[in-house]
Amino acid sequence: MLANKHILLIVGGGIAAFKSLDLVRRLREQGARVTPVLTKAGAEFVTPLSLSALSASKVYQDLFNLTDEAEMGHIELSRAADLIVVAPATADVMAKMAGGHANDLASTLLLATDKRVLIAPSMNVRMWEHPATQRNLATLRNDGILVIGPNEGDMACGEYGPGRMAEVPEIIAAIDGALADGPLKGKHVLVTSGPTHEPIDPVRYIANRSSGAQGTAIAKALAALGADVTFVTGPADVPPPMDVTVVKVQTAAEMLKAVKAAGNVDAAVFAAAVADWHVANAGDSKIKKDGSGLPKLEFAENPDILATVSQMTKGRPKLVVGFAAETDDVIANATAKRKRKQCDWIVANDVSPETGIMGGSENAVTLISADGAESWPRMSKDAVAATLADRIAEALA
Ligand code: C5P
């Protein structure tokens, strides 16, 4: 699995840095090529010479080393590898990553990369449990950063608890997993997400409360299984995931155009909360409060993107998944919707305000297909996304 894989290994400044030397040896034994990057603090724990000898590679240390820039710029260095591994990932490295800093070679590479990143945190238990570190961890996970460990146990500082860097075989297994081809490798999947904004005039618009959280989580989960994801999103609250092709739109009409432009896809998931109507007499200039009475908005129906794609006679995706956000008779309405729109699956959920689902972090869904209705327990939107992505992978297999 690791043969001929190229790993950029960033060694941070922690006592666990000595384990990184063994990590380099084991990775090379399995046929991987390792390019080490040593932070200033890391160099207090291991020497560039040992890292260089074990990796049989130059060790990169300085952002402003002109020789390195002439040989290989930092942007290229950040993208030449198949995977970036940070071991040990100290509290400071994690904070820099979460904050998007680029003030030394390691943080610059981590910000500039378009490759997956795996971190093996290692720090004192109090530092690990500090709300700041936990906040940074949540941010990093949300950014798609893979995390292995830390383990619980005796620490070099004499305390006990979580904070010990994962052991080398565990890190190698995580690297294997990160480099494995997922079940959706080679599949192109389209995801729509977020609300749409339908203009009333150049400054006002009609919107809805969709945050884009569920669609974003689905796109991320599909990408994690190896899919090539085109993510068409309205103006959402949450940032789009990394590792996907993002197409930003405002209106339903633009969303339909972007969906058509995505070309042939194997599966399409319509998680966007598309406005049903747009303002047919939207003004080109701002409507004035000039005493001539209230504006009279005329509405026209928006194209139903899900129905349009479901009913395509040529190039229809093998699997079309719609969502049904309902407040009453959820299953009956969603079942009727599946038939009417002619999609394969409907993911139905109850968005009554008391459920806290719209804009919240959890979802309770029922998957409706030709085989009937299957209710899933209430879980985080990330878990719904992962479960749905697994089911999509099964359906496309
Ligand atoms: O009809 P309703 O809006 O309840 O249908 C919801 C489903 O249809 C969602 O999957 C949504 O993304 C999709 N939809 C769409 N285009 C529209 C309206 C809804 O793709 N104009």
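Two bridges join strand β4 to strand β5 (residues 146-147), and the two run parallel. Within this pairing, isoleucine 119 stands opposite valine 147 in β5. The model described here is a predicted one. Strand β4 also pairs with strand β3 (residues 83-89), again in the parallel sense, over five bridges; here isoleucine 84 faces valine 117 of β4. Strand β4 itself, spanning residues 116-121, is mostly covered, with five of its six residues buried.

Two cis peptide bonds may be considered alongside these strands. One joins alanine 87 to proline 88, with omega near -5°, and proline 88 has its place in strand β3. Another joins glycine 149 and proline 150, with omega at about 0°; proline 150 is found in the loop between β5 and β6 (151-154). Most peptide bonds are trans, and most residues other than glycine have a negative phi.

The backbone also departs from that second tendency at asparagine 4, which has a positive phi of about 65° although it is not a glycine. Asparagine 4 lies in the segment before β1 (6-11) and counts as exposed, at 73% relative accessibility. Aspartate 329 likewise has a positive phi, near 40°. It is located in the loop between β16 and α13 (330-341), where aspartate 329 is exposed with a relative accessible area of 58%.

The description now turns to an open sheet of eight strands. Their order is β12-β11-β8-β13-β16-β17-β19-β20, and the pairing is mixed. The edges are formed by β12 (245-248) and β20 (372-375), each of which pairs on one side only. Neighbouring strands of this sheet are turned against each other by 15° on average, direction ignored. Within the sheet, strand β8 (residues 188-193) and strand β11 (residues 228-233) run parallel and are joined by six bridges. Histidine 188 stands opposite aspartate 228 in β11.

Helices lie against this sheet. Helix α10 (residues 213-224) lies across β8, β11, β13 (267-270) and β16 (319-326), and runs at about 165° to β8. Helix α14 (residues 381-396) packs on the sheet as well, touching β13, β16, β17 (345-350), β19 (365-369) and β20; its direction makes about 165° with that of β17.

A ligand is also present in the model. Among the residues around the ligand are Phe270, Ala272, Val274, Asp276, Pro303, Asp304, Leu306, Phe323 and Lys341. Backbone atoms contribute to the polar contacts: an N or O atom of the alanine 272 backbone lies 2.6 Å from an oxygen atom of the ligand, and a backbone N or O atom of leucine 306 lies 2.8 Å from a ligand oxygen atom. A side chain takes part too, since an N or O atom in the side chain of lysine 341 is 2.8 Å from an oxygen atom of the ligand. Taken alone, the ligand exposes 440 Å², and the protein buries 87% of that area.

Finally, the chain may be viewed as a whole. It contains 14 helices and 21 strands, and its C-alpha atoms fill a box of roughly 75 × 55 × 45 Å along the principal axes. Of the 397 residues of the chain, 47% count as buried. The accessible surface of the chain comes to about 19,100 Å², of which 52% belongs to carbon and sulfur atoms. Among contacts in the chain with a separation of 6 or more, 66% are between residues 24 or more positions apart.

Note on methods:
Residues numbered from 1 in each chain as written. Predicted model: local features only at pLDDT ≥ 70, side-chain atom pairs only at ≥ 80, totals over all residues. Heavy atoms only, no water. Pairing = 2+ DSSP bridges. Helix = DSSP H or I, 4+ residues; strand = E, 2+ residues; numbered from the N terminus. Axes fitted to C-alpha atoms, helices over the stretch in contact; angles between N-to-C directions. Contact = heavy atoms within 4.5 Å. Near = heavy atom within 4 Å. Polar contact = N/O pair within 3.5 Å; in protein donor to acceptor, adjacent residues only side chain to side chain. Areas by Shrake-Rupley, 256 points an atom, 1.4 Å probe, with all protein chains shown as cover. Buried < 20%, exposed > 50% of the residue type's maximum accessible area, 1.4 Å probe, protein only.
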